[in-house]
Amino acid sequence: MLQLFIATVLFLVMMFGIGFILNMLLKTTWFPIYLFILVLIPLGIWAPWDKSATATIENFAHYTIIDYIPVIGALIGAYVSGWAIQALRKGGYKMF
């Protein structure tokens, strides 16, 4: 359980940092969430895909809730980075 908590917090902080930097450099707000959904989730599904499985359901049956919790933490980090940039822009900071 401790490893799950540490991994979730680590992914949350890592996606917040990467998303914050991307938002600041590209002057976007929700780009990290779009990037996460369009690139990282399909890559996470495709990479461990077992080609010998006969059905698609067999591949998804290998994932458990323990596999999904860090992904949800990373998605929350991407959302919080967009929210933070948006709040900074509303606060009058031109840099963001």
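**Helices H1, H2 and H4: contacts and burial**

Mentor: In this predicted model, if we leave aside neighbours within four places in sequence, threonine 8 is in contact with Ile69, Pro70 and Gly73. The place of threonine 8 is in helix H1.

Trainee: Why is threonine 8 called buried?

Mentor: A residue counts as buried when its relative accessible area is under 20%, and the value for threonine 8 is 17%, so it is called buried. The buried residues of H1 also include Leu4, Met15, Gly19, Phe20 and Asn23, and what covers the buried residues of H1 includes H2 and H4.

Trainee: Why is proline 42 called partly exposed?

Mentor: Partly exposed is the class between buried, under 20%, and exposed, over 50%; proline 42 has a relative accessible area of 40%, and therefore it belongs to that class. Proline 42 lies in helix H2, and its C-alpha is 24 Å from that of tryptophan 83, although the two are 41 residues apart in sequence.

Trainee: How do you know that the length of H1 agrees with its number of residues?

Mentor: At 1.5 Å a residue, the 25 residues of H1 should span 36 Å, and because the C-alpha atoms at its ends are 36 Å apart, the two values agree. Just after H1 comes lysine 27, which takes a positive phi of about 55 degrees.

Trainee: And what makes the span of H4 agree with its 26 residues?

Mentor: Helix H4 covers residues 65-90, and at 1.5 Å a residue it should span 38 Å; its end C-alpha atoms lie 37 Å apart, so here too the value agrees with the expected one. H4 is followed by glycine 92, whose phi is positive, near 100 degrees.

Trainee: Which helices do the buried residues of H4 pack against?

Mentor: They pack against helix H1 (2-26) and helix H2 (31-46). Among the buried residues of H4 are Pro70, Gly73, Ala74, Gly77 and Ala78.

Trainee: What makes H1 oblique to H2?

Mentor: The axes of H1 and H2 come within 9 Å and cross at roughly 120 degrees. An angle from 65 to 115 degrees would count as roughly perpendicular, and one over 145 as roughly antiparallel; the crossing angle belongs to neither range, which means that H1 is oblique to H2. As for the kinds of residue, those of this contact divide into eight nonpolar, two polar and no charged. On the H1 side they are Met15, Gly19, Leu22, Asn23 and Leu26, which meet Phe31, Pro32, Leu35, Phe36 and Leu40 in H2.

Trainee: Which residues make up the largest nonpolar core?

Mentor: That core has five residues in all, namely Met15, Ile33, Phe36, Ala74 and Ala78. The elements that give two or more residues to this core are H2 and H4. As a general tendency, nonpolar side chains in soluble globular proteins are buried together.

Trainee: What does phenylalanine 36 touch, not counting residues up to four places away in sequence?

Mentor: Phenylalanine 36 touches Met15, Ile41, Val71, Ala74 and Leu75.

Methods:
Residues numbered from 1 in each chain as written. Predicted model: local features only at pLDDT ≥ 70, side-chain atom pairs only at ≥ 80, totals over all residues. Heavy atoms only, no water. Helix = DSSP H or I, 4+ residues; strand = E, 2+ residues; numbered from the N terminus. Expected span 1.5 Å × (residues − 1). Buried < 20%, exposed > 50% of the residue type's maximum accessible area, 1.4 Å probe, protein only. Contact = heavy atoms within 4.5 Å. Core = buried A, V, L, I, M, F, W, Y, C linked by side-chain atoms within 4.5 Å. Axes fitted to C-alpha atoms, helices over the stretch in contact; angles between N-to-C directions. Parallel < 35°, antiparallel > 145°, perpendicular 65-115°, else oblique. Nonpolar A, V, L, I, M, F, W, Y, C, P; charged D, E, K, R; others polar.
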